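This report introduces the structure to a reader who has not met it before. The sequence and the model are shown first, and the description follows.

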Amino acid sequence: MIIKHPLLGPRDAAEFVYLGDANMIKRPEGFGENVEEAMYEHVYLRDNPAGEHHELWYHEQGDRSWLVVTRNTLTHEISSVELARDVARRKGRSK
C-alpha cells in the first residue's frame with residue numbers, strides 16, 4: 001500500500017506504523033465531571049467500521065510525522081492523507 005505523504009510524496013506503508021483510530025486526537029480533558037468514564041471510553045471503546053475510516057499513522061522510518069489517513073477498510077483505497085497536527089488544530093487542539 002502506498003501512502004501519499006503530504007510533505008514527502010508517495011511512500012511505502014512499510015515505513016509507517018499504524019496507531020489506530022484518529023479519534024485519539026480528540027482525547028477528553030483531564031479535569032471535570034465524569035473524567036474517569038470519559039477516559040475509559042476514549043482508551044478502550046472503539047468502533048470497527050466497514051467503509052471510510054480515519055486512522056493515525058506514524059512515519060517511523062522517515063520524518064517521524066503523525067498522519068491522519070482516510071482509508072476505506074473494505075477496499076484499502078486511501079482518499080486523503082493529512083498531517084495530524086493540522087487536523088488537531090482544525091478541531092481546536094493546539095498541541
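In this predicted model, Arg85 is partly exposed, because its relative accessibility of 49% lies between the limits of 20% and 50%. Its side chain meets that of Asp86 in a salt bridge, with 3.6 Å from N to O. Asp86 is likewise partly exposed, at a relative accessible area of 31%.

The count of salt bridges comes to four. Three of them are listed here, including the one just described.

| Salt bridge | N to O distance | Relative accessible area |
|---|---|---|
| Arg11 and Glu15 | 3.1 Å | Arg11 28%; Glu15 17% |
| Arg71 and Glu55 | 2.7 Å | Arg71 12%; Glu55 1% |
| Arg85 and Asp86 | 3.6 Å | Arg85 49%; Asp86 31% |

In the pair of Arg11 and Glu15, Glu15 is buried, whereas Arg11 is partly exposed. In the salt bridge between Arg71 and Glu55, Arg71 is buried, and Glu55 is buried as well. This pair links distant parts of the chain, 16 residues apart: Arg71 belongs to strand β5 and Glu55 to strand β4 (residues 52-58).

Both strands are part of an open sheet of four strands, ordered β3-β4-β5-β6 with antiparallel pairing. The edges are formed by β3 (17-21) and β6 (78-83); each has a single partner strand, so one side of each has no neighbour in the sheet. From one strand to the next, the twist averages 30°. Strand β5 (residues 66-72) pairs with β6 in the antiparallel sense over five bridges. Thr70 has Ser80 in β6 as its bridge partner.

How values were computed. Residues are numbered from 1 along each chain as its sequence is written. This is a predicted model: local features need pLDDT of at least 70, side-chain atom pairs count only at pLDDT 80 or more; totals for chains, interfaces and linings use all residues. Side-chain values use heavy atoms; hydrogens and water are left out. Two strands pair if DSSP finds at least two bridges between them. Helices (H or I, at least four residues) and strands (E, at least two) are DSSP runs, numbered from the N terminus. Axes are lines fitted to C-alpha atoms, for helices over the stretch in contact, and angles run from 0 to 180 degrees between N-to-C directions. Buried means under 20% relative accessible area, exposed over 50%, partly exposed in between (1.4 Å probe, protein chains only).
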